[in-house]
Amino acid sequence: MSLLGVESPPTSQVRNLIVDLCRQFYAKGWASGTGGGISIRHEDRIFMAPSGVQKERIRPEDIFVLDLNGEVVERALNPGLKVSDCKPLFMHAFNLRGAGAVLHSHSMNAMLASWLFGTHFRISNHEMQKGIAGTGAFDTLEVPIIPNTPHEHQLSDSIEQALNDNPKTQAVLVRGHGAYIWGKDWAQAKTQAECYDYLFEAAVRERQLGLDPLKLKGGQ
Ligand code: ZN
């Protein structure tokens, strides 16, 4: 498996990568208020941030290491930390989709877009759709929307159902909350998250302009 463009980096690089990505996601407004984060699979291990901490201040030693069954095999150095409450949700993308990385975003764009549609976010005729695997600019891109729950781990069953019911999707929106987005590796998960976020924002802004993001025509 390739991470950082080289084969089999030491696990310290995976820890540092999560720290870097969490800072970037915080700067984008995807991981503020301790929400959001990213989990990365490396060989037969899964690296995951702790729960309820300031994501822009995570240190490499704060990362938990799990096996492919989701059992913690290496705890964070600080005994007061516990593994991310998103664990069962991340594990569905690893197990059901063979994901190499899963990202959780509390983006304002994702949250607002989740209120615009019923069961599925839908958009077409946007160039940035090409950043989502298997999607062309003139296709209709769909993202399932599931209801929120009082606690993050309680989303587990509905995320699993959404993955089974929507075999093409690379993301799930949680209404009034944010999104889960994955990819075959961390780079694709990040790229897809950026494209989805652009499309979520586009739909919200187009609605504000009185446009229907599903009925725009461009180049066809
Ligand atoms: Zn969340």
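Below is a chat about metal binding, aromatic contacts, cysteines, salt bridges and backbone angles in a predicted model.

User: Let's start with the metal. Which residues are the protein donors of the zinc ion?

Analyst: The donors follow the spacing H-x1-H-x45-E-x24-H along the chain. They lie 2.1 to 2.6 Å from the zinc ion, with each histidine donating through NE2 and the glutamate listed twice through OE. The names to look for are His104, His106, Glu152 and His177.

User: How many residues apart in sequence are the parts that His106 and Glu152 tie together?

Analyst: Go back to that donor spacing, H-x1-H-x45-E-x24-H. His106 sits in the loop between strand S7 (101-105) and helix H3 (108-113), while Glu152 sits in the loop between strand S9 (140-146) and helix H4 (156-165). The pair therefore ties together parts whose separation in sequence is 46 residues.

User: And is Glu152 buried or exposed?

Analyst: The cut-off for buried is under 20% relative accessible area. His106, at 26%, counts as partly exposed. Glu152 has a relative accessible area of 16%, so the word for it is buried.

User: On to the rings. A search of the whole structure finds five aromatic pairs, so what kind of pair do Phe90 and Tyr180 form?

Analyst: Their ring centres are 5.9 Å apart and their planes make an angle of 70°. Planes over 60 degrees apart get their own label. That makes the Phe90 and Tyr180 pair edge-to-face.

User: Where do Phe90 and Tyr180 sit in the chain?

Analyst: This aromatic pair links distant parts of the chain, 90 residues apart. Phe90 counts as buried at 2% relative accessibility, and Tyr180 is also listed as buried, at 2%. As for the elements, Phe90 is in helix H2 (residues 87-97) and Tyr180 is in strand S11 (residues 178-183).

User: Which residue has its charged end over the ring of Phe117?

Analyst: Phe117 belongs to one aromatic cluster together with Phe121, Tyr196 and Phe200. The charged end over its ring is 5.1 Å from the ring centre. The residue that brings this charge is Arg207.

User: Now the cysteines. How many disulfides are there?

Analyst: For a disulfide, the two sulfur atoms have to be within 2.5 Å. The nearest cysteine sulfur to Cys86 is that of Cys22, 11 Å away. For Cys195 the nearest is again that of Cys22, at 20 Å. The count of disulfides is zero.

User: What is the relative accessible area of Cys195?

Analyst: Cys86 is buried, with a value of 7%. Cys195 is buried too, and its relative accessible area is 7%.

User: Salt bridges next. The count comes to nine, so how far apart are the closest N and O atoms of Arg23 and Asp20?

Analyst: Both residues lie in helix H1 (residues 11-27), three residues apart, which is about one turn of the helix. Arg23 is partly exposed at 44%, and Asp20 counts as partly exposed at 40%. A salt bridge needs its nitrogen and oxygen within 4 Å, and here the closest N and O atoms are apart by 3.9 Å.

User: Which residues are linked in a network of salt bridges?

Analyst: Start from the bridge where the side chains of Arg59 and Glu61 meet, 3.5 Å from N to O. Arg59 is partly exposed at 40%, and Glu61 is partly exposed at 31%. With Asp62 also linked in, the network is Arg59, Glu61 and Asp62.

User: Which residue forms a salt bridge with Glu201?

Analyst: Glu201 is in helix H5 (residues 186-208), and its partner sits four residues apart from it in that helix, about one helical turn. The closest N and O atoms are 3.0 Å apart. The partner is Arg205.

User: What span does H5 reach from its first C-alpha to its last?

Analyst: H5 has 23 residues, and 33 Å is expected at 1.5 Å a residue. After the helix comes Gly210, whose phi is positive, near 85°. The reach of H5 is close to the expected span, at 33 Å.

User: Last one: what is the phi of Asn125?

Analyst: Asn125 lies in the loop between strand S8 (120-124) and S9, and at 15% relative accessibility it counts as buried. Thr34, in the loop between H1 and strand S3 (37-42), has a positive phi of about 70° although it is not a glycine. Asn125 is also a residue other than glycine with a positive phi, and its value is near 65°.

Note on methods: Residues numbered from 1 in each chain as written. Predicted model: local features only at pLDDT ≥ 70, side-chain atom pairs only at ≥ 80, totals over all residues. Heavy atoms only, no water. Helix = DSSP H or I, 4+ residues; strand = E, 2+ residues; numbered from the N terminus. Buried < 20%, exposed > 50% of the residue type's maximum accessible area, 1.4 Å probe, protein only. Expected span 1.5 Å × (residues − 1). Donors = N, O, S within 2.8 Å, 3.2 Å for Na, K, Ca; no water. Phe/Tyr/Trp six-rings, centres within 6.5 Å; stacked < 30°, edge-to-face > 60°. Lys NZ or Arg CZ within 6 Å of the ring centre and 35° of its normal.
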